[in-house]
Amino acid sequence: MDVNSWGQSESDEEIAKQVQLNEIELFGILINRYEKKIKRYGGKFLSREEDIEDIVQKIFIKAYRNIQSFDIKRKFSSWLYRIAHNEFVNELKKKKREPLNFFDPDIIFPHLPAREENGIHDIDKEMINKDLSKLPSKYREPIILRYFQELEYKEISDILNIPTSTVGIRLKRGIKKLKEIYERNK
Amino acid sequence: MNETSKEIIDKIKKEDIKMKPKWQFILRSFSVIGLAIIFFVVALYLSSFILFSFRPFPLFPLILLMISIALFEYLLKEFKIVYRKPVIYTLFFIILSLFIMGLFLNMAHFHERMERRDIPGIRRFYLQPERTIRRPIFEIKVKRPL
């Protein structure tokens with residue numbers, strides 16, 4: 001199959017289906033589509049450019065190896081981000097230790113749907129970017145996925161394996177904490 | 001194709017990196033479902049047993065029951081329908097189902113039959129001294145000599 005003539009207008013899921021049928025070359029289209037996004041995502045976890053490059057390569061190879069586990073009825077982006085998320089978090093864990101929280105009340109108890117006070121485009125990304133690293137990862141990760149990768153709540157829920165209502169509450173609390181940090185440092 | 005994608009595709013070809021076959025993932029899913037079913041059955045057995053021998057309260061089966069429920073919940077977290085909901089909802093649903101099904105098992109005299117069958121390994125559950133005092137199967141009356 002000619003990569004240049006096929007696959008440019010097809011959806012990610014259709015391309016992934018062809019890759020599952022052994023069209024290796026078409027996997028290149030998926031890499032083209034997601035390489036920058038995944039690198040940007042990685043940039044929020046790691047600072048060294050070379051580390052990010054290596055891990056991004058590892059992510060795509062892992063995605064290729066596991067492509068048969070992808071269900072084409074679901075979103076390819078969520079599936080790929082889940083792999084990327086795990087890889088970056090593992091890498092981060094090697095560098096610094098954060099306490100594991102098995103009994104997080106945010107996941108255990110239900111929450112009313114949190115009203116998004118700031119739309120994706122209204123938020124001051126400069127302000128977020130500046131102090132993002134000061135936030136605990138449970139708030140940092142949904143903020144990156146929502147405001148920098150512009151993903152929906154359900155996609156974030158699939159990537160982080162947390163309830164959809166928890167995504168909303170963590171975004172709200174994370175932004176509140178960031179504003180507090182910002183105000184303190186002003 | 002850009003630089004990175006060319007590099008990755010070349011690496012896949014050069015190092016002959018293979019996709020894992022679909023059957024491995026299907027097998028994994030079936031194993032998870034199978035294990036979940038096993039933990040649910042164990043939890044159901046234990047919960048119905050706790051309802052059966054409520055006094056004195058069977059602490060050891062209760063601990064085992066809590067472990068089984070936790071493992072069952074952990075395995076179900078693989079599935080979208082479960083992880084998208086707060087844990088308290090799924091736990092409530094699991095405990096309610098166990099309670100209702102446990103009651104039905106007791107109404108069907110399941111544990112009385114198990115007690116009579118005397119199955120090794122399970123026997124110890126039915127041989128607690130307090131329980132035999134509370135629910136004697138038969139009594140031996142010894143007449144004191146005058």
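## Contacts of A:Ile83

In this predicted model, A:Ile83 is in contact with A:Ile59, A:Lys62 and A:Ala63, once its neighbours within four places in sequence are left aside. A:Ile83 itself belongs to helix α4 of chain A, which covers residues 76-95. For one of these contacts the separation can be given in two ways, since A:Ile83 and A:Ala63 are 20 residues apart in sequence but 7.1 Å apart in space, taken from C-alpha to C-alpha.

A:Ile83 has 18 C-beta neighbours inside 10 Å, and therefore counts as partly exposed; a residue would need 20 or more to be called buried.

## Helix α1 of chain B

In chain B, helix α1 runs over residues 3-14 and so has 12 residues. From its first C-alpha to its last, α1(B) reaches 16 Å, which is close to the 16 Å expected at 1.5 Å a residue.

The buried residues of this helix are B:Ser5, B:Ile8 and B:Ile9. Because they cover an arc of only 95° around the axis, these residues lie on the same side of α1(B). On the other side of the helix, B:Glu3, B:Asp10 and B:Lys14 are exposed.

## Packing between the chains

The buried residues of α1(B) pack against two helices of chain A, namely α2, which spans 27-43, and α3, which spans 49-65.

## After the helix

Just after α1(B) comes B:Asp16, a residue that takes a positive phi of about 55°.

Key. Residues are numbered from 1 along each chain as its sequence is written. Chains are lettered from A and ligands numbered from 1 in the order in which they are written. This is a predicted model: local features need pLDDT of at least 70, side-chain atom pairs count only at pLDDT 80 or more; totals for chains, interfaces and linings use all residues. Helices (H or I, at least four residues) and strands (E, at least two) are DSSP runs, numbered from the N terminus. The expected span of a helix is 1.5 Å times one less than its number of residues. A residue is buried if 20 or more other C-beta atoms lie within 10 Å of its own, exposed if 12 or fewer, and partly exposed in between; C-beta atoms are placed from the backbone. The arc is that of the directions from the helix axis to the C-beta atoms. Two residues are in contact if their C-beta atoms, placed from the backbone, lie within 7 Å.
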